[in-house]
Amino acid sequence: MSDNSILRLRSKIAAGLVTAVLVLVVGAMSFWTLLRAAHSFEEVSHTSRVLLEQQKLLSALVDVETAARGYAITGDSAFLGPFYAARTAVPQTIARLRQMSSDHDEQLSKLNTMESVANDQLFVNDQIIDFRKSGGFEKARAMIATGQAKIVMDHARALTDSMEREENRVLAVRASRQKSDELLAFLIIGIGGGIAFLLSLLINRSIHSDVVERERQREMIEKQTRQLTKQAETLAAQQKEQQRLNREMQALLDSTEAGFYGMDTAGNCMFINRAGARLLGYKPKELIGRQMHDMVHYRRRDGSKYPQSECPIFLASQRGKSAAAEDEVFWKRDGTPLAVEYSTSPIIQDGEHRGAVVAFADITQRIAAQRAMKESEERKAAVLRSTLDSIISMDRDGIVTEFNPAAERAFGYRPDEAIGKPLAELIIPERFREAHRSGLARYIDTGEAHVIGQRLELPALRKDGSEFQAELTITRSDIDGEPTFTGVLRDITQRKTQEAERDQLIKALARSNQELDQFAYVASHDLKAPLRGIANLSQWIEEDLGDVLQGENKEQMELLRGRVHRMEALIDGILQYSRAGRVKAKPEPIDTGSLVRDVIELIAPPKATGITIAADMPTVKAERIPLQQVFMNLLGNAIKHAGAEDPRIEILWEDAGPFYEFTVRDNGQGIAPQYHERIFGIFQTLEARDKIEGTGIGLSVVQKIVEAKGGRVWVESDVGRGAKFKFLWPKVEITGA
């Protein structure tokens, strides 16, 4: 071979190495930018949770004031329940806010002031209650008349508004940073991938001119093309599965503090958020794969059995239809009922119904409040005159008979201006007045009620002609045989604004997830394509040169392919980790002894390695592929780390109640106790990858699969004593688990 040929060969090899290094760098930078984007997302979510906690704190202080005044006016101890509940909730909420704002000195300073104000509010209202108990209504009323509670409450609202403005400012900054991180990720992928592709194209064109006349090379290229086409089809199927998983994850993101879980068409739980599991008294992993009707909806409110065939939630998961209820009961882990309102939405993938998502909220306090109102209408009227909600009563002719101070503030009328006037002319916009009059007349004549006892949202009219969005509840009571009607109105303008802002945030999160999906596609496809090209080209060069390629050049070619294969293994490992425990198949009886022997045959360990399988290995009912993955990773790991001189491996098992405990033991150098947890982390290895080839993902995949089935995996080992990797696998796997 001429000197020019050797120089060209070395140039091609160097270009291949540069391209491989570039791909490694781009991959590392892409992973880094992904971590930045994920961190930014977590910061945005954290700020949103802080805002919700601030609203909870203010709401609890309002409950303290309302309950204390209600008790002071009526002397009814039923009002002390919300007071004591709020008095417990206030310090807990402040503690959570302090923990969540630990990195924000300004907010911590305001929170310290807020804690002092909250304590003052609790103290003042505690005094009101004590005065009512010891001195009666007049002494309590005198304490209320001092205005101390109002001054403290106004201070609390001012502090909450200030803290909310600061959190909204931080939210805007973090959202902007998140967008910047996502743009940076796409720029790195696009530019780096483009450069790598161009370098690969130039190398391919240079080599093609040397081998175009060789028929054997043409056949090899055709074979590689068929393989790439098959791999592209496989990758497309994987992308489709990834999109399904992302839609399930999006359903979780749509939830806030409400309970949220998803079911397949058989009613088995596919996912549940932490808030939902907490409301039901479970941990999320305790419900995954379980039949949700049998776990939380198996009895009616009266304790009678609730057949699955009559359950609207189960039917919705089967038929792909929506269902909702505003007054239902779920059953918690300890057997106590939980009053909820719920709604369901179908999960549709590629036009196929796959199950349903259920959102539910605890309405125990709301039901208790409604029950208290029904027990005594006259007592309720006295309490409602001191509430912050607008309370307006009218007789059967629509004439106002009661107009509380909150209504006076909300609508601008003095009580003497409102009482005795038709309600329709005071607070109902002109376009709805005729409907109000006809509806009232129809109810008086026929008893047909469309709005009585319902919670409505509708516009209300102020004295100055302006309108605001209000939430209205109307109840009927009879006094001396004559019907009277009481409406409770609440200005929900701020709540509607907050709901709109939350919807915008959810849409922004949806767009962010879609962009992350696109990033995963680039990482799994566009990065592997040039790697395969580099490996193939280096193989062709080595075959063309034959014996001419020796010494340093041959070592560089092997080093090039080794690094390319390591990068491909890393990408495959990441995708395998993301799919672990999610791809479902129908459970079947599996002879674990036969399965282990099949795995050993697939791995093809060195002949010097002695492998012993325990007699009478058990039969389990499970999905074959996940269990096979677990044994393949553990046996592969044991083969790598078994003793160098006399490698020995044992597969053992024991009965562990509802589980089988399997053990894979080797006689290698062992693992120090301080590394027992670390080795299950993704990308974690204890040996250098140039010494023992590996991606550091295998044990992470094992842990993810085993925990998804309700078991656990751990290691028992010490330096110089080999290692025992143990895992628990259920004897009978529930369908859908």
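K731 lies over the face of Y660 in this predicted model, at 5.2 Å from the ring centre. Y660 also belongs to an aromatic cluster with F631, W653, F662, F727 and W729. In β17, the bridge partner of Y660 is W729. The strands around Y660 are part of an open sheet of five strands, with mixed pairing.

**The five-stranded sheet**

- The strand order is β12-β14-β15-β17-β16.
- β12 (610-613) and β16 (713-717) stand at the edges. Each has a single partner strand, so one side of each is left without a neighbour in the sheet.
- Neighbouring strands are turned by 20° against each other on average, direction ignored.
- Strands β15 (residues 659-666) and β17 (residues 723-730) run antiparallel, and eight bridges join them.
- Strands of a sheet pair through backbone hydrogen bonds, either parallel or antiparallel.

**Helices on the sheet**

- Helix α19 (residues 592-603) lies across β12, β14 (648-656) and β15. Its direction runs at about 165° to β12.
- Helix α21 (residues 698-708) packs on the sheet and touches β16 and β17. Its direction makes about 30° with that of β17.

**A hairpin elsewhere in the chain**

- Strand β1 (residues 259-264) pairs with strand β2 (residues 269-272) in the antiparallel sense, over three bridges.
- Within this pairing, G262 stands opposite F271 in β2.
- The two strands, β1 and β2, form a hairpin with four residues between them. In the turn, G267 has a positive phi of about 85°.

**Salt bridges**

- The whole structure holds 24 salt bridges. Side chains of opposite charge can pair when their charged atoms come close.
- E716 forms a salt bridge with K726, and the closest N and O atoms are 3.4 Å apart. The pair links distant parts of the chain: E716 is in strand β16 and K726 in strand β17, 10 residues apart.
- Are the two partners buried or exposed? E716 counts as partly exposed because its relative accessibility is 36%. K726, at 12%, counts as buried.
- R414, D416, E417 and K463 are joined into one network by salt bridges that share partners.
- In that network, the side chains of R414 and D416 meet at 3.2 Å, N to O. R414 has 44% relative accessibility, so this residue counts as partly exposed. D416 has 54% relative accessibility, so this residue counts as exposed.
- R648 forms a salt bridge with D646, with the closest N and O atoms 3.0 Å apart. R648 counts as partly exposed, at 40% relative accessibility. D646 also counts as partly exposed, at 40% relative accessibility.

**Aromatic rings and charges**

- The structure holds 12 aromatic pairs.
- Which residues make up the aromatic cluster? F631, W653, Y660, F662, F727 and W729 form one cluster.
- R299 lies over the face of W331, at 4.0 Å from the ring centre.

Terms used
Residues numbered from 1 in each chain as written. Predicted model: local features only at pLDDT ≥ 70, side-chain atom pairs only at ≥ 80, totals over all residues. Heavy atoms only, no water. Pairing = 2+ DSSP bridges. Axes fitted to C-alpha atoms, helices over the stretch in contact; angles between N-to-C directions. Contact = heavy atoms within 4.5 Å. Salt bridge = Lys/Arg side-chain N within 4 Å of Asp/Glu carboxyl O. Buried < 20%, exposed > 50% of the residue type's maximum accessible area, 1.4 Å probe, protein only. Phe/Tyr/Trp six-rings, centres within 6.5 Å; stacked < 30°, edge-to-face > 60°. Lys NZ or Arg CZ within 6 Å of the ring centre and 35° of its normal.
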